[in-house]
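Hi there,

Here is the structure I promised to pass on to you. Could you have it open while you read my notes below?

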Amino acid sequence: MTFHTTRRRLLGAASSLALLGSLMAGAYTSQASPLPPGGAMPYGGTSADASAAPSHQHLTRHFWDALELEPQDAWTSLRADFQWQDQPVNARVQEWIDYYRDSPHNVAEITERARPWLAWITQQVESRGLPGEIALIPFVESSFDPKARSHFGAVGLWQIMPRTGDALGLKRNGAWDGRNDVVASTRAALDYIEMQADQWYEGDLQLSLAAYNAGAGTVNNARRAAQARGLTGDYWDLNLPSETMAYVPKLMAISRIINDPERYGVNLPEISGSAAFAKVSVTAPISLNKAAALAGVTTHELSELNPGLKSRNVNPRHTRQILVPAESAATLRNALSNLGQIEVASASDETHVVESGDTLNRIAMLHSISPRDLARWNGIDNPQALQPGQQLTLSGR
């Protein structure tokens with residue numbers, strides 16, 4: 001199915017070619033998880049008609065003012081954006097519908113894990129005019145686990161490989177991995193899917209999804225082979241690696257189930273249609289412990305919303321925002337605005353508790369300091385003698 005994206009209007013042809021060239025060498029993602037994984041007037045007429053009948057306008061306005069409209073939940077919003085539900089269910093899709101239907105508890109578990117992210121991701125997909133089914137790719141890729149890691153080295157909700165993440169501008173160092181950050185990785189993944197569809201597949205998103213999984217080189221070769229056999233070369237014509245052959249069928253199957261969960265005996269969790277988190281700017285280093293205390297939430301909540309962090313410290317050198325529960329964002333913003341830069345910086349945890357496997361170099365990288373300074377501040381003569389539970393100061397003060 002062809003769906004022309006808006007991506008080409010946003011990226012110049014030269015930059016698109018350069019980026020795609022750097023990504024062609026390898027596949028985008030690793031092996032997918034084997035487990036399921038302002039409005040119009042409420043009545044017709046012109047403004048002149050309205051002014052000629054003030055009583056009608058008055059009554060109509062009071063009617064709409066008094067009517068309480070129930071907000072949509074995330075599933076309703078998602079279903080409204082589905083665009084592939086009228087496609088016939090072939091045997092490959094039916095196989096995965098049967099698989100998921102036989103494990104409704106797995107579907108429920110994964111969709112529950114989607115709770116913090118689903119509404120926001122749906123909004124991002126909708127804002128680009130993409131089919132809502134695209135918002136369910138993390139179901140197939142990572143079972144909606146932003147900390148998921150494959151044995152191939154792909155990580156995050158969207159299972160992005162290191163070289164691909166680098167090419168897409170996702171920063172990666174000892175303190176931060178943008179592939180795990182849901183906001184950064186979602187934008188990068190959607191950019192890439194749109195860009196491949198425009199560049200290689202005349203807007204065909206299903207072919208772009210195959211390339212997202214197996215790499216554009218693999219898909220392009222399979223497409224040429226299919227066309228040489230007299231076929232059109234769409235996704236369903238291609239002979240691809242088994243994982244990629246199942247990739248779009250899995251996505252179509254789970255979207256069918258979510259479109260009509262009662263039919264398939266699946267209970268979906270209630271998820272608000274509003275984003276569960278909000279972004280708060282960070283202009284000075286602060287620990288998650290301190291930020292959580294200021295926001296009135298637990299450190300665990302902040303850690304779960306900020307999986308890109310590799311330590312419990314937020315440093316604007318790596319990321320300039322922190323995600324917090326939506327209802328706590330104003331509280332944190334107000335608290336940070338009342339703190340001076342120096343106070344915020346000093347509020348950051350000044351110690352690191354050594355864990356099993358820690359090395360001096362790794363600890364120094366996590367906190368963006370030099371190993372030599374870390375050793376000097378803590379009187380460490382033998383870096384090999386670090387012990388789990390040992391507390392190290394992270395400053396010379």
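Trp 96 counts as buried, because its relative accessibility is 15% and the cut-off for buried is under 20%. Please keep in mind that this is a predicted model. Tyr 99, by contrast, has a relative accessible area of 31%, so this residue is classed as partly exposed. Both residues belong to helix H6, which spans residues 91-101, and because they are 3 residues apart there, about one helical turn separates them.

What kind of aromatic pair do Tyr 100 and Phe 139 form? Theirs is an edge-to-face pair, with 5.7 Å from centre to centre and 85° between the planes. This pair links distant parts of the chain, since Tyr 100 sits in helix H6 and Phe 139 in helix H9 (residues 137-142), 39 residues apart. Tyr 100 and Phe 139 are both buried.

A search of the whole structure turns up 7 aromatic pairs. One of them is formed by Trp 96 and Tyr 99, again edge-to-face, with the centres 5.1 Å apart and an angle of 65° between the planes. If you would like to see the rings together, display Trp 96, Tyr 99, Tyr 100 and Phe 139, which ring pairs link into a cluster.

Now to the pockets. The second largest pocket has a volume of about 300 Å³. Its lining is made up of 13 residues, and those closest to the centre are Ser 311, Arg 312, His 352, Val 353 and Glu 355. Which elements give two or more residues to this lining? They are strand E5 (351-353) and helix H19 (360-366). Strand E5 gives the most, with 3 residues. By character, the lining of the second largest pocket divides into 6 charged, 5 polar and 2 nonpolar residues.

Two of the residues named so far lead on to further contacts. Ser 311, one of those closest to the centre of the second largest pocket, lies in the loop between H16 and strand E3 (313-314). With a relative accessibility of 13%, Ser 311 counts as buried. Leaving out residues up to four places away in sequence, Ser 311 touches Ala 175, Leu 366 and His 367. Leu 366 falls in helix H19 (360-366), one of the elements that give two or more residues to the pocket lining.

Arg 312, also among the residues closest to that pocket's centre, is in contact with Thr 299. Thr 299 itself has its place in helix H16, residues 299-305. Is Thr 299 buried or exposed? Thr 299 is buried, with a relative accessible area of 16%. Besides Arg 312, Thr 299 is in contact with Leu 288, Asn 289 and Ala 292, leaving aside neighbours within four places in sequence.

One last residue to look at is Ala 329, which lies in helix H17 (residues 329-337). Ala 329 has a relative accessible area of 2% and is therefore buried. Leaving aside neighbours within four places in sequence, Ala 329 is in contact with Ala 278, Val 280 and Val 324. Ala 329 and Gly 296 are 33 residues apart in sequence, while their C-alpha atoms are 9.8 Å apart in space.

Happy to talk any of this through once you have had a look.

Best wishes

Terms used
Residues are numbered from 1 along each chain as its sequence is written. This is a predicted model: local features need pLDDT of at least 70, side-chain atom pairs count only at pLDDT 80 or more; totals for chains, interfaces and linings use all residues. Side-chain values use heavy atoms; hydrogens and water are left out. On a 1 Å grid over the protein atoms alone, a cavity is a set of points where a 1.4 Å probe fits but cannot get out, and a pocket is an open set with protein on both sides within 12 Å along at least five of seven lines; lining residues have an atom within 4 Å of a point. Grid points are joined across faces, edges and corners, and a volume is the space filled by probe spheres set on the points. Helices (H or I, at least four residues) and strands (E, at least two) are DSSP runs, numbered from the N terminus. Ala, Val, Leu, Ile, Met, Phe, Trp, Tyr, Cys and Pro count as nonpolar, Asp, Glu, Lys and Arg as charged, and the others, Gly among them, as polar. Buried means under 20% relative accessible area, exposed over 50%, partly exposed in between (1.4 Å probe, protein chains only). Contact means heavy atoms within 4.5 Å. Rings of Phe, Tyr and Trp (its six-membered ring) pair if their centres lie within 6.5 Å; planes under 30 degrees apart count as stacked, over 60 as edge-to-face and the rest as tilted.
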